[in-house]
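Reader: Hey, I've just opened this one and could use a quick tour. Can we start with how the chains meet?

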Amino acid sequence: MTCTEFLAMLDDVIDEQIAQETRAEIEIHIKKCEHCEVVFNTTRKTIEIYRSHEVYELPTDLRERLHTAIMDRCAKKKKPCC
Amino acid sequence: MSTIQPIAGDAGEHPDLALVERVRAGDLAAYDTLVRKYERQIFRIAQHITQNREDAEDVMQDAFLKAYEKLDQFQGNAKFYTWLVRIAVNESLMRLRKRRTSKTVSMDEDLVTEEGSVPRDFADWAPNPEQNYDTSELSDILRRTINGLPRGFRVVFVLRDVENLSTEETAEALGLSVPAVKSRLLRARLQLRERLSRYFRAGAKPAPLPQKSAASPAERRG
């Protein structure tokens, strides 16, 4: 397996959508190729960091204010069925 | 006696569908439940697209109102959440168009598909590199880094990797093909990795020093 082939499969590797046989090939490649190992680990870490740290939080008081506004506006509309 | 609502239908139907049916029958409380369930996600998605807090607040309200008004058009073959995200994405783009008074605001703007498609930085990262930054520093780094991506990459990454939509759902919510989502996702992930490497590579930032006494800008000369 070449680095280009590995890169083309990177997303599937990260998302664990790889067939058993290919997985073995990938593991062999990663063991031999330091660059691909770094790219794999740091890309996975990138996703993990974004998943576990909310970049935009909705503070509770703002959330409540917006929620009330939404429901008030909906209540003024006629019901959505026919 | 028992008036407990079934959680899901026989065929493993998504629990949102029962709520949608109740809203259609005029039960506003059921819509309250749906709004509460997804309001944070919709706000985050809107803010990622518009990059503006006030716009995100407006988009969030307008998207839920529009979804309520158009609920009769919702087809049960898609998830309610995916359908809602699609409305929020469109509302976000409309908001950007209004703000910019420019005719072309789309998901494809500034997309240079070749850029960042090949990794160049192979430095390994420090173990748990995020711990070298305090929460607000880290938020700042993550926000600036993701905001540097073209919108069409950013929103794919957010839907797929942050909000956990499947590739197919992301494609549906954005009106893109599955291969387009896959290609944008790979580039988004690689570009973010490359940009974050600056902060997270081993030795990029020494372990936090003890707090200095508040350094005043006046101490800086020149």
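Author: Sure. This is a predicted model, and in it 31 residues of chain A are in contact with 45 residues of chain B.

Reader: Which elements of chain A give two or more residues to the side that touches chain B?

Author: Those are helix H1 (3–14), helix H3 (34–52) and helix H4 (60–76) of chain A. The largest share comes from H3(A), with 11 residues.

Reader: And how do the residues on that side of chain A divide, nonpolar, polar and charged?

Author: You get 18 nonpolar, six polar and seven charged residues on the side of chain A that touches chain B.

Reader: What ipTM does the predictor give the complex?

Author: The ipTM is 0.91, and the pTM is 0.85.

Reader: OK, switching to chain B. Which domains does the assignment give there?

Author: Domain 1 covers 15–100 and domain 2 covers 129–200 in chain B. Taken over C-alpha atoms, the centres of these two domains of chain B are 21 Å apart.

Reader: How many residues are in contact between them?

Author: On the domain 1 side of chain B there are 11, in contact with 12 residues of domain 2 of chain B. Helix H2 (28–50) and helix H4 (80–100) of chain B each supply at least two residues of the domain 1 side. By class, that side of domain 1 of chain B has five nonpolar, four polar and two charged residues.

Reader: What about the largest nonpolar core? Which residues touch the most other members?

Author: That core has 59 residues, and the ones touching the most other members are B:Ile42, B:Ala46, B:Met60, B:Ala63, B:Leu84 and B:Ala88. Domain 1 and domain 2 of chain B both give residues to this core, so it lies between them.

Reader: Which residues does B:Leu84 touch?

Author: Leaving out residues up to four places away in sequence, B:Leu84 touches B:Tyr38, B:Ile42, B:Ala63 and B:Ala67. Apart from the largest core lies another one, of seven residues, including A:Phe6, A:Ile26, A:Val38 and A:Phe40.

Reader: Why would nonpolar side chains be buried together?

Author: That is a tendency of nonpolar side chains in soluble globular proteins.

Reader: Last thing: where does the pLDDT of chain B stay under 50?

Author: One such stretch is residues 1–10 of chain B, for which the model has five contacts beyond four places in sequence. Residues 214–222 of chain B are also below 50, with zero contacts beyond near neighbours in sequence. For chain B the mean pLDDT is 85, and 80% of its residues reach 70 or more.

Definitions and conventions: Residues are numbered from 1 along each chain as its sequence is written. Chains are lettered from A and ligands numbered from 1 in the order in which they are written. A nonpolar core is a set of buried Ala, Val, Leu, Ile, Met, Phe, Trp, Tyr and Cys residues joined through C-beta atoms within 7 Å. A residue is buried if 20 or more other C-beta atoms lie within 10 Å of its own, exposed if 12 or fewer, and partly exposed in between; C-beta atoms are placed from the backbone. Domain bounds come from an automatic or database domain assignment. Two residues are in contact if their C-beta atoms, placed from the backbone, lie within 7 Å. Helices (H or I, at least four residues) and strands (E, at least two) are DSSP runs, numbered from the N terminus. Ala, Val, Leu, Ile, Met, Phe, Trp, Tyr, Cys and Pro count as nonpolar, Asp, Glu, Lys and Arg as charged, and the others, Gly among them, as polar. pLDDT is the predictor's confidence in each residue, from 0 to 100.
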